[in-house]
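Q: I'm new to this one. Can you walk me through it?
A: Sure, have a look first.

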Amino acid sequence: MTDSPRRRLIAALQQAGGTVGAGAMLTHAPPPLGAPFGHADHVEGEPVQAIPVGTPLPPPEPMTFIDGIQRYAVEGRIGLVPIVRGYVAAAALRRERGELQVVDSATHEFLVVPLRRLTAAQRAVLEGCGLPLFDCTAGERSHPILDVQLAAKIVEHRRERVEIDITRRTVVAAPGTWLVVDGSIAGIDDLSDHGNPRVLGLVKSHETQFLDGGDLEVALTLPAGHRTSVFARTAGERATVHTWYLRLWPWEDHELLHGLVRIERPPSPDSVAEATTVSRWLLSERAPLSAPDGRWDRLVYPIRQVETYLRALAGGWW
Amino acid sequence: MIQTGGNATIGRVVATESLPAGTHQFFFWSAIDTPIGIGAIVRVDDGAARSVYAVVVDGKGYSDLASPLHEVVVAQGDPAGDRAPTRRTEVRLWTAAVLRQDPEEPVQPVPLADVRLATKEDVEVALRMDAYVRGERPTGIPIGVYRAGNLTAPVWMDADFVLGPESAHLNISGVSGLATKTSAVEFLLASIFQRLPAHRGSVAAVCFNVKGPDLCFLDQPGDLTAADRELYATLGIDPRPFDRVRYFAPYRADGINLNTLRSHPDLVADVQPLVWGLREVLGFHEVLLNRDDLDAKADGLLDFLVDRVVEKEFRDEWGATHRVQSFADLDRLFRAVFDGLEQAGRSDVWRTHHIATIRKVRNRLLNISTRCKGLVTDDGSVSDLPFGQFEDRALYVLDVAGMDQVAQDLVFTRVVSTLREHLERRALGVDQVVVFVDELNKYAPGDGQDTYVRKMLLDISERGRYLGLVLFAAQQFRSQVHRRVVGNAGTVVFGRMDMDELATPGYQVLSPATKIKLATLPKGELMVRHPHFTQPIFVRFPRPPVMSGPNGSKRFPPASDVAFEEAVVRQLTGMDRRIAAGRIRDLIAGRRDDDVRRALLATRRAMPDDPFEYFRASLGPAVARERVAVRREGVPLRTVEDPYAP
């Protein structure tokens, strides 16, 4: 076999005690991260440790899964001002005896425009369309890309709002039911008002790192079937939640974050006591596999089904 | 637009670029738990003024699993491993073939709308039965019921397309023992007899019982379940056996015991002997003589005999007059010819026919009565079907199961030909007659030599509908029957089919799912193709209202053959139980067997009020045997001059 530079590098990595990755080829620099670092406090001992969780455990029934989607389109411009039409939707699917049923859903369609740049007459015309009109902050200077990015932030915010609304409604409607929300639950600041809500946030992206140093290395190099100790995270104005990492699939021969999820839960003594059990439930959620979705290593099937439902609901929205 | 009421939505039409909704086929999805199955009839309404009726011909189920490998990965290669907490989303996708669009024009793709199970009224419209089951002159004949979900709806054939004149004939295929072909025909005949409206005229049926006791107990009630009776009620048919059944069977070789499994003493009196003589047989010599026998010379002599000799006064060259009415008469004529030629010296030609040809034809013809012994007699006695006096709604069963193939061919050919002749003259006694023959592949095979029987079947299948001569035929393998015979059947019925048969080209139009259903059809279910139905339809029919062959054989076990005298006693006492056996024995004591046979045949044929007196009269007075004195003295030999005598 040819002794290529890549093979020589792999050998060197192994000699140096490193771990070989997938070596996927990239062509562009990744976009800059909005909030790369957060703050963490140890909750379940210090330093953070890798804890084997054991075999998968069938999750309790019923269990509800919540996710949302967003879409937007620059429908046109008035002068240089982008007129963005947005669509957000969220749904809750409850699982009983293995079957998923929609128990709640909501959709919203609206316009996002930097209102300050429009005249009163122009604004009145847009209001006449019958769609809610949301303002997006725009600087003094126009920028064709930045203006759209700012509008997209509003769309994203609206999507989070509808997800939070659905989550709150579900918690109220079925207080004892376990709830798995796609993404962080730190934005839902009143979950603790409902007693001890069994709400789990399942974070698949790891843009913000709360741990540092040896704790971070333990977290990001977790073997499959292991979790970290529970720690508390805070980020900006968001609520404090208890969280821990869990490796669903081996990451060796893949990237560092392959199969790695972070679980969030409103702070309570149970969140630590039940961390291993919850982790075992989530290990069992590896089946069915969410392939061919590119995020199959972190995306649990029921959340994917919520997305599928929402996409079908949106249809050919344009 | 035809209003036929509604039903719950059970699916929705889908259309994609790869699975478009067409004008004649479309796709719809349903819930996993659904009453839909292959053969279900559905209705799609566009919400305005358009309705589409269709039958489900295929179904698929699949999930969002992209590759089976994904399941293997998560199960870690162990199929019995932990079950996933979530069941994959699964879809049931059905393919439906359009039966009817309303309005019929313009023909457009099926609307992307809700799908409902057809109601009873929808079924009527979908199968275009509304055109012939209603109105002042309905022509509907029940063939069974369509079932889906909780619905049971009658399905009707159009008599104009079963008995003619629009189209005619019915062909039924299926594997032996499971396809219930005979039962289906028995049920259909009962249906026709009871439900054919008066304005469609009179009808009778002639059935050839070609194997076992299948059709030997059609006048006896069958064992019906409550479910069967419910089906009969739905179809408006009284589940009773046939009122008028006439049985015919040839004799055995002994010429006295009937060659039938309906020989139980309680039933045998209803069986008429089927006996033919020279006149009945000679017209069908092509059936009995093979191609090697029938060269041009032999054919010429036979034509001469038929045209100039049989049933005519014929004077030979040596001064004798012959009236040939039986094989015995014919033999006498041949002997006279041979003697005459011998006396004439070196001549070996008689009326342009060479003596070798004459000897060959004589041998073959006289052999007929040997090969068909019991059916064909030497002496000219005849007992035949009542051609010209057929009764409305009567069933004539010819039990030829015990005969060899040549004799069966003869019976089949002559009976059908005679039916045809009488129908052409409108002189049969009924307006239309159904001829049922099983094992059609034997009589009209798709390959092999052309035979007289096959030519006749082709003729019936192509022209019978104008005459009212209708062929109901059954066979295991449709692909083995002549294409024009099955192709001319307006109504085609399939019971459970063999997969090898379904793989033949004739079934290419059926979907794989339909084929699988056909290969696994339970008893009592059929797939029907009828001119009004644009797609095959699955129906269920009740057990026939008559006793089955096996049950009949158990209930009425066939009697064993008995000696001549006992057979005569049984047959006469069977006709009238008051006759004392001793009187019969005394009457026939010392009489020639042939005389007794003739008298008995005449009595059975006439079915008189007093069988014994009729028999005695037919037998005639006993003639004392004349003792011929034996000449004792020697007769001198003719002296011949022997030049070599010492």
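A: A quick caution: this is a predicted model. Let's begin with one residue, B:His532. B:His532 sits in the loop between β21 (525-529) and β22 (537-540) of chain B.

Q: Is B:His532 buried or exposed there?
A: In between. B:His532 has 19 other C-beta atoms within 10 Å. Buried would take 20 or more, so B:His532 counts as partly exposed.

Q: Which residues does B:His532 touch, leaving out those up to four places away in sequence?
A: B:Leu127, B:Arg128, B:Met129, B:Asp158 and B:Phe161.

Q: And where is B:Thr491 relative to B:His532?
A: Their C-alpha atoms are separated by 9.6 Å. Along the chain, B:His532 and B:Thr491 are 41 residues apart.

Q: New topic: helices. How do α9 and α10 of chain B cross?
A: Helix α9 covers residues 327-343 and helix α10 covers residues 355-371, both in chain B. Their axes come within 11 Å and cross at roughly 160°. Over 145 counts as roughly antiparallel, so that is what α9(B) and α10(B) are to each other.

Q: What's the handedness of the α9(B) and α10(B) crossing?
A: The crossing is left-handed.

Q: Which residues meet there, between α9(B) and α10(B)?
A: From α9(B): B:Phe327, B:Leu330, B:Asp331, B:Phe334, B:Val337 and B:Leu341. From α10(B): B:Ile355, B:Ile358, B:Arg362, B:Leu365, B:Leu366 and B:Ser369.

Q: How does that contact of α9(B) with α10(B) split by class?
A: Nine residues are nonpolar, one is polar and two are charged.

Q: Let's zoom out. How many helices and strands are in chain B?
A: Chain B has 21 helices and 22 strands.

Q: Why call chain B more spread out than a compact globule?
A: Because its radius of gyration is 32 Å, and the globule rule gives 26 Å for 646 residues. The chain B value is well over that.

Q: What box do the C-alpha atoms of chain B fill?
A: Roughly 120 × 60 × 60 Å, taken along the principal axes.

Q: How much of chain B counts as buried?
A: Of its 646 residues, 42%.

Q: What share of the chain B contacts with a separation of 6 or more joins residues 24 or more positions apart?
A: Those pairs make up 75% of such contacts.

Q: Last one: how many residues does each chain bring to the contact between chain A and chain B?
A: Chain B gives 12 residues and chain A gives 18. On the chain B side, six are nonpolar, three polar and three charged.

Notes:
Residues numbered from 1 in each chain as written. Chains lettered and ligands numbered in written order. Predicted model: local features only at pLDDT ≥ 70, side-chain atom pairs only at ≥ 80, totals over all residues. Axes fitted to C-alpha atoms, helices over the stretch in contact; angles between N-to-C directions. Helix = DSSP H or I, 4+ residues; strand = E, 2+ residues; numbered from the N terminus. Parallel < 35°, antiparallel > 145°, perpendicular 65-115°, else oblique. Left-handed = near helix turned anticlockwise from the far one by under 90°. Contact = placed C-beta atoms within 7 Å. Nonpolar A, V, L, I, M, F, W, Y, C, P; charged D, E, K, R; others polar. Buried ≥ 20, exposed ≤ 12 C-beta atoms within 10 Å, placed from the backbone. Rg over C-alpha atoms; globule rule 2.2 N^0.38 Å.
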